[in-house]
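Subject: Structure handover

Hello,

Here is the structure I promised to pass on. My notes follow below it.

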There are 4 protein chains.
Amino acid sequence: MTMSGVLRPGHCQLRVLDLEESVNFYTNVFGLVETGRDDTGRVYFKCHDERDHNSFIIRESDRAGMDFYGFKVRDKATLDRLESDLRAYGVSTERIPAGEMLETGERVRFEIPTGHIMELYAEKTAIGDGLGYVNPDVFIENRKGISPIRLDHWQIHGADLDGSRDLFINVLGFSLVEKILGEDGKTDMAVWLTCSTKAHDIAFVRDQRNNTVHHASFLLETWEKVLHAADIMGKYRVSIDNGPLRHGITRGTTIYSFDPSGNRLETFCGGYDFYPDMQPYTWTWDELGSAIFYHTRALNERFLTVVT
Amino acid sequence: MTMSGVLRPGHCQLRVLDLEESVNFYTNVFGLVETGRDDTGRVYFKCHDERDHNSFIIRESDRAGMDFYGFKVRDKATLDRLESDLRAYGVSTERIPAGEMLETGERVRFEIPTGHIMELYAEKTAIGDGLGYVNPDVFIENRKGISPIRLDHWQIHGADLDGSRDLFINVLGFSLVEKILGEDGKTDMAVWLTCSTKAHDIAFVRDQRNNTVHHASFLLETWEKVLHAADIMGKYRVSIDNGPLRHGITRGTTIYSFDPSGNRLETFCGGYDFYPDMQPYTWTWDELGSAIFYHTRALNERFLTVVT
Amino acid sequence: MTMSGVLRPGHCQLRVLDLEESVNFYTNVFGLVETGRDDTGRVYFKCHDERDHNSFIIRESDRAGMDFYGFKVRDKATLDRLESDLRAYGVSTERIPAGEMLETGERVRFEIPTGHIMELYAEKTAIGDGLGYVNPDVFIENRKGISPIRLDHWQIHGADLDGSRDLFINVLGFSLVEKILGEDGKTDMAVWLTCSTKAHDIAFVRDQRNNTVHHASFLLETWEKVLHAADIMGKYRVSIDNGPLRHGITRGTTIYSFDPSGNRLETFCGGYDFYPDMQPYTWTWDELGSAIFYHTRALNERFLTVVT
Amino acid sequence: MTMSGVLRPGHCQLRVLDLEESVNFYTNVFGLVETGRDDTGRVYFKCHDERDHNSFIIRESDRAGMDFYGFKVRDKATLDRLESDLRAYGVSTERIPAGEMLETGERVRFEIPTGHIMELYAEKTAIGDGLGYVNPDVFIENRKGISPIRLDHWQIHGADLDGSRDLFINVLGFSLVEKILGEDGKTDMAVWLTCSTKAHDIAFVRDQRNNTVHHASFLLETWEKVLHAADIMGKYRVSIDNGPLRHGITRGTTIYSFDPSGNRLETFCGGYDFYPDMQPYTWTWDELGSAIFYHTRALNERFLTVVT
């Protein structure tokens, strides 16, 4: 089996300040598909082109931010093996029973050195993308709003970047794709890691504020869809942090915006494919501007400082 | 390690009728980068955005077609393991010494049931894409001609499709992504397999003509680049088989054309990402037209019959 | 006034074999907006981004084809002047009273040497594009189907091409933009004319079948929209004549398809801007293939022979 | 003749601080074609897809800014008529002899109420776009840098906006396409005018600094080319003012950047077509943000204040 272990970012649970306002935003403006609500009040969404039941869950809270991040693994045997590997590495794990989240199997939950709650799971009900599995059409009609293809990755912040980076590489099998070095030329200030051929499945940034998230990122098909996303943000007065623009890191094109609760969302396209035989790219501190915002090479304060 | 085993299609060796005419075509019109010539007269090329020394090798011959197809594997231990697995599966293997191809390590060669010569290898010198590994730019200037991003996959034909399909799935760890069923509703007439998250790394078509190739396929960045490829084909009088168009299978957009020797080349963009937890798509025989040429649903005789 | 005289193709009336089937096609698949029906049974449409009440009118008939072609002129004084010029040129004209077509002023109708019925009019009620005239948004949401921007031009056929060409140039003030010469190197086999800076507002092809139409053409915003149009044609089993492809003439990218009655429609994008100080392009007979279908340089029989 | 009078912005003369640095910038980064130098030291450029000998002239000076703006008119009779109309309107005119600019006929020069020097001319040698006029290809190979299609328009500032607006509308035949009203709901703070079907051939902004220019604007083919322009600006460290983004006004997508002398350049794509029978769009002062930068609705100080 050539893809094994961890497959991809599969779900995350976001805190929002006003549930119905957020449901309206994520349905009609951001363009996700609501797939269910559970008796704890959580609302479940998936992207139009995702096949599993849910990838993005919101719950009402008095502060924004992310509760946890879940990766889908290849199968239950992989789940058991990775839990065992985590424990051997000295990480405490907890089993969340199947069904605690709608249409989702048992989850292995653990905290990583940067303070974030991570989960692994092997099972989530496939409900398809509406095209069926026999003679499918090539596109889904009547998609609303920005309508990203899929949940793609997260950028999360915490002090012990080295610890989380090593755990993802050594235990979960991720590869280092790019990194930004600090002024000392030695310290990793940010790293981009992949468990597939994507340029990133997760990114860590060194930051004293543990267990914080910079953004959840969603994939769009083309640069023209990035423009359409920006147009929709303009029309619906979505707060844009920056973009459309291109990153030096990953070469992706992107927009950063905020949901009504102040959670930052990325809607992006592109980026090269990475294979584990490739040498990572390194960015030096003096080229931080080009690394992040390739066009203007100018970082804005908000982008550098706001996390939830 | 989440990507293991076979990584990707890495190289292939093509027969051309006139070497210098072909070098001119592949350099100036198709837009590959010549990286070397060896003392047997072979000319080596890579795509601009590939980092390994070569991916496409041509040699002069009195008939067109492909000599062999090579997949890069994760490392030398993987190479040994896969050779062992092949032998255990009843496949004879041969070791081609390192250096037989320029800048390429030892290769394990074997014949598959459809009569094609396959190779696995773990080492090929990384020469990079010209951007360097520190503070890289996001694009390569002065690319010539069609200039695809990378060698992407092949579609090859032979009688014992079932045998080759099973070998790729059971021994090499590929996943079935899509298939076309015959009129009986049971027989696989064509299958698309992946060893990554690409919608296809190789495709097999049932055909009495063993060891034949329908096309070698190269990736372009965008649908606008597909148009530019077609414009270049128009200007340089490249023979186009079909396109620009979209496939039902994989959702990719594409052009099929012929090199000066009559070898069919695909230049394509797009296609969805496939993970091994996903259910394959099936196409029925009556929808063959939509499967192949989604827009017109009309197959042309040349596309169906010409192989080399 | 720098734009004066004839402004643009403004409306045409098409014959369809089954009215309701056609209304469904033009509304849900082709993506026009139905704006009214009159008591003669005609159904009126406009494109989403057009501001006048109607541009495309269909009526039920036992044969396909176009009844007449209307150009909007600058104002009523221009209408009077052009009628006078036509008569001075020896062309009989007829006045169709205001209101005979919904929301449309008085029309001056005349027959041109190729047998087609042409109309000029100065007034059609502006109903807008739905964005308003104060602080408009930049896009229209919830467009359905292919959803072209506007009616753009027609290609029409008849024997006395020279006569119609001269009338359009000498009386109506059009400019010659491109032409195809016959095998004799002298005869105009086809001409593209403009009354604006578009590469064509009308095209004439020399053909013994007088008063026939090759296609009505509609504008799309981008090459990506051309792809989307083709995808919709694939999904809804619209008969495609050719495309997506690029023309040598005008450089436009395009698809030709047929409505349910067999009327050919073009959905295209691009083309250069032409100013009347520019020298026209000439195509020679031996390059007819590149002129029409730049990529393949191969003309299909259906494209060359089917008119309605 | 339906296009008459003023055809288009045809040339302008820019002051730069260092001639050779600017020649390098405009040739290799901005991607214009140098077409000549005259004995006063001026360097002449055209865009790759323009057919006249020159459209953009630079001369060395100790301050940045624009010397004059030239519009090409239909023919010499038009030139005489417009000069006569200008004088009848009370505007002093001057004739600059043919040949004072390379390959350019006699020019009628005059000052408008906002203090800018305008020129009309009827003749400039057509040197073509390199494709020829017989069986042309559809694209120009080996374009360098950003490589815009054409000089498109200018935005210029001055106190007596009303005077310049009225002169352009009443004497030169331009149409009002869009305008921004001041806080009083009456005063035109900015107007966009066209002499063709472009959404703008010139824009005026009310500003106490007479005879200043906000930007010269150049057309790109697609939104993908806008991205490529931004990538080139990133690579060559061009100072970007804002973008890529979309305007509410005209719907165009754009980037604003500065040349090495601090002259602002726009590289843009898109915008709707305007015909003189259409009602102009009006923007109110409270929606100024959306009017200018539709996505973020946030104006930056530099964009609002820097002119040359």
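Helices (H or I, at least four residues) and strands (E, at least two) are DSSP runs, numbered from the N terminus. On that basis, Pro244(C) sits in strand 14 (residues 239-246) of chain C.

Some ground rules. This is a predicted model, in which local features need pLDDT of at least 70, side-chain atom pairs count only at pLDDT 80 or more, and totals for chains, interfaces and linings use all residues. Residues are numbered from 1 along each chain as its sequence is written, chains are lettered from A and ligands numbered from 1 in the order in which they are written, and side-chain values use heavy atoms, with hydrogens and water left out.

**Backbone points**

The bond leading into Pro244(C) from Gly243(C) is cis, with omega near -5°. Chain D has a cis peptide bond between Gly243(D) and Pro244(D), where omega is about 0°. Pro244(D) belongs to strand 14 (residues 239-246) of chain D.

Arg237(B) has phi near 55°, a positive value in a residue other than glycine. Its place is the loop between helix 4 and strand 14 of chain B. Arg237(B) is partly exposed, at 44% relative accessible area (buried means under 20%, exposed over 50%, partly exposed in between; 1.4 Å probe, protein chains only). Arg237(D) is not a glycine either, and has a positive phi of about 55°. Arg237(D) lies in the loop between helix 4 (223-235) and strand 14 of chain D. Its relative accessible area is 44%, so Arg237(D) counts as partly exposed.

**Chain A with chain B**

The contact takes 48 residues from chain A and 48 from chain B (contact means heavy atoms within 4.5 Å). The two chains bury about 4300 Å² between them, with 51% of it on carbon and sulfur atoms. Buried area here is the accessible area (1.4 Å probe) that two parts lose on being put together, summed over both.

The rule finds 10 salt bridges across this interface (a side-chain nitrogen of Lys or Arg within 4 Å of a carboxyl oxygen of Asp or Glu). A salt bridge joins Asp49(B) to Arg251(A), at 3.1 Å, N to O. There are also 25 residue pairs in polar contact, both at pLDDT 80 or more. A polar contact is a pair of N or O atoms within 3.5 Å; within protein, one must be able to donate a hydrogen and the other to accept it, and residues adjacent in sequence count only if both atoms are side-chain atoms.

On the chain A side, strand 1 (6-16) and strand 17 (281-283) each supply at least two residues. That side divides into 20 nonpolar, 13 polar and 15 charged residues. Ala, Val, Leu, Ile, Met, Phe, Trp, Tyr, Cys and Pro count as nonpolar, Asp, Glu, Lys and Arg as charged, and the others, Gly among them, as polar.

**Chain B with chain C**

Here 21 residues of chain B touch 21 residues of chain C. Trp223(B), His295(B) and Arg297(B) supply 32% of the area that chain B buries against chain C, more than any other three residues. The buried area is about 1900 Å², and carbon and sulfur atoms give 54% of it.

The rule finds 4 salt bridges between chain B and chain C. Arg246(B) forms a salt bridge with Asp231(C), with the closest N and O atoms 2.7 Å apart. Polar contacts come to 13 residue pairs (both at pLDDT 80 or more). Helix 4 (223-235) and strand 14 (239-246) of chain B each give at least two residues to the chain B side. Helix 4 of chain B has the largest share, 8 residues.

**Inside chain A**

Chain A is divided into domain 1 (6-121) and domain 2 (150-305), with bounds from an automatic or database domain assignment. Their C-alpha centres lie 20 Å apart. The contact takes 43 residues from domain 1 and 42 from domain 2. Together the domains bury about 3200 Å², 74% of it on carbon and sulfur atoms. The salt-bridge count between them is 0, while 9 residue pairs are in polar contact (both at pLDDT 80 or more).

Best wishes
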